[in-house]
Amino acid sequence: MDGDKDVNTLEYPGERRASERQVNDAMTFTDLVAYFRARFGVEDGQTMAEYGVVLAVITGLIVAALLALSGAIANALHTVQGYL
């Protein structure tokens, strides 16, 4: 029985048994919040460059939509003008 170890003996000084680790390593709410902030990199706000990129993308989509629908818009305006 040289290789067998008693379950109750600790191999390293300061080592805890599994049941002790489960009880003492419980995560508090504060620890959980700190973990999620570190994990997902919470930022407080957007920078002006990010706002500029979003504005440019939205402007480009609006211009593309108006160009694609310009013929239909002109026909609708002519139809309304004809009713007046």
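1. Which helix among the elements of the protein has the lowest mean pLDDT, and which the highest? In this predicted model, helix α1 (residues 18-24) has the lowest mean value, 52, and helix α3 (residues 48-83) the highest, 92, where pLDDT is the predictor's confidence in each residue, from 0 to 100. For the protein, the mean pLDDT is 76, with 64% of its residues reaching 70 or more.

2. On how the values were obtained: local features need pLDDT of at least 70, side-chain atom pairs count only at pLDDT 80 or more, and totals for chains, interfaces and linings use all residues. Residues are numbered from 1 along each chain as its sequence is written, and side-chain values use heavy atoms, with hydrogens and water left out.

3. The protein has three helices and zero strands, in the order α-α-α from the N terminus on; helices (H or I, at least four residues) and strands (E, at least two) are DSSP runs, numbered from the N terminus.

4. Of the 84 residues, 0% count as buried, a term that means under 20% relative accessible area, with exposed over 50% and partly exposed in between (1.4 Å probe, protein chains only). The protein exposes about 8,000 Å², of which carbon and sulfur atoms supply 63%; accessible areas come from the Shrake-Rupley method with a 1.4 Å probe, and for residues only the protein chains shown count as cover.

5. Helix α2 lies largely in the open, because the number buried among its 12 residues is zero. Its end C-alpha atoms are 16 Å apart, in agreement with the 16 Å that 12 residues should span at 1.5 Å a residue, the expected span being 1.5 Å times one less than the number of residues. Just after α2, Gly 41 takes a positive phi of about 55°.

6. Val 33 has its place in helix α2 (residues 29-40) and is partly exposed, with a relative accessible area of 30%.
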